[in-house]
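Biologist: I'd like to go through the labels on this one and hear what backs each of them. Can you put the model up?

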Amino acid sequence: MGLFDQLMGNSSEQNPQDVQNEFEGYLLPDEVVEASFILIRDLFVFTNKRILIVDKQGLSGKKIEFITVPYKFIRAFSVENAGRFDIDAELKLYVAGMPAPLIKLFDKKTDITALQQLISRHVL
């Protein structure tokens, strides 16, 4: 992923096993990372139990906020694939209790159909 993609908000896929090892202390013993995407320093992690948003804050990135979205609280979601001239694909999650959807932009190379299927398996 290039610097331009990072500045534009695009994500790139990360190795799920690397993320599993890095955040082992924050995951439940039977929780498995199924997919993970990085945006500059932040992570959007899909496990078998929840979506975990890892928001690294500050200049050093040592302050980290972990936002958990249990699949059972996702009321609706939408995906938009990247078109011929688009630079990104988009995911919107409508979460119970949140006034606005969570929006995540993904790199054009991201298989948004596979991501949609992953979420569907847990939500539907």
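**What the labels rest on**

Modeller: Sure, and keep in mind that this is a predicted model. A search of the whole structure turns up five aromatic pairs.

Biologist: Take F23 and F66, then. What makes the pair edge-to-face?

Modeller: Their ring centres are 5.9 Å apart and the planes sit at 80 degrees. Rings pair if their centres lie within 6.5 Å, and planes over 60 degrees apart count as edge-to-face, so this pair is edge-to-face.

Biologist: And how do you know that the pair ties together parts that are apart in sequence?

Modeller: Look at where the two lie: F23 is in the loop between α2 (16-22) and β2, while F66 is in strand β5 (residues 63-70). Those parts are 43 residues apart in sequence, so the pair ties them together. F23, Y26 and F66 also form one aromatic cluster.

Biologist: Why is F23 called buried, and what is F66 called?

Modeller: Buried means under 20% relative accessible area; F23 has 5% relative accessibility, so F23 counts as buried. F66 has a relative accessible area of 27%. Partly exposed runs between under 20% and over 50%, so F66 is partly exposed.

Biologist: What about F37 and F46, what kind of aromatic pair do they form?

Modeller: Edge-to-face, with 6.2 Å centre to centre and 90 degrees between the planes. Both F37 and F46 are buried.

Biologist: On to L43, in strand β3. Why is L43 called buried?

Modeller: The relative accessible area of L43 is 6%. The cut-off for buried is under 20%, so the label holds for L43. As for company, L43 touches Q14, F23, S36, F37, I38, L52, I53 and V54, leaving out residues up to four places away in sequence. The C-alpha atoms of L43 and F66 are separated by 9.6 Å, with their positions 23 residues apart along the chain.

Biologist: Which residues touch the most other members of the largest nonpolar core?

Modeller: Of its 18 residues, F44, F46, I51, L91, L93, F106 and L115 do. At least two residues of this core come from each of β2 (33-39), β3 (42-47), β4 (50-57), β7 (88-95) and α3 (112-123). There's a second, separate core of nine residues, V19, F23, I38 and V45 among them.

Biologist: What is L115 in contact with?

Modeller: Neighbours within four places in sequence aside, L115 is in contact with F37, F46, L91 and F106.

Biologist: Now α3 itself: how do you know that the distance between its end C-alpha atoms agrees with its 12 residues?

Modeller: The expected span is 1.5 Å times one less than the number of residues. For the 12 residues of α3 that should be 16 Å, and the end C-alpha atoms are 16 Å apart, so the two agree.

Biologist: Which residues of α3 are buried, and what do they pack against?

Modeller: I112, L115, L118, I119 and S120 are the buried ones. They pack against β2, β3, β6 (74-80), β7 and β8 (102-107). In general, an α-helix has 3.6 residues a turn, so residues three or four places apart point the same way.

Biologist: And the whole protein, how many helices and strands does it have?

Modeller: Three helices and eight strands, in the order α-β-α-β-β-β-β-β-β-β-α along the sequence. Of the 124 residues, 36% count as buried.

Key. Residues numbered from 1 in each chain as written. Predicted model: local features only at pLDDT ≥ 70, side-chain atom pairs only at ≥ 80, totals over all residues. Heavy atoms only, no water. Core = buried A, V, L, I, M, F, W, Y, C linked by side-chain atoms within 4.5 Å. Buried < 20%, exposed > 50% of the residue type's maximum accessible area, 1.4 Å probe, protein only. Helix = DSSP H or I, 4+ residues; strand = E, 2+ residues; numbered from the N terminus. Contact = heavy atoms within 4.5 Å. Phe/Tyr/Trp six-rings, centres within 6.5 Å; stacked < 30°, edge-to-face > 60°.
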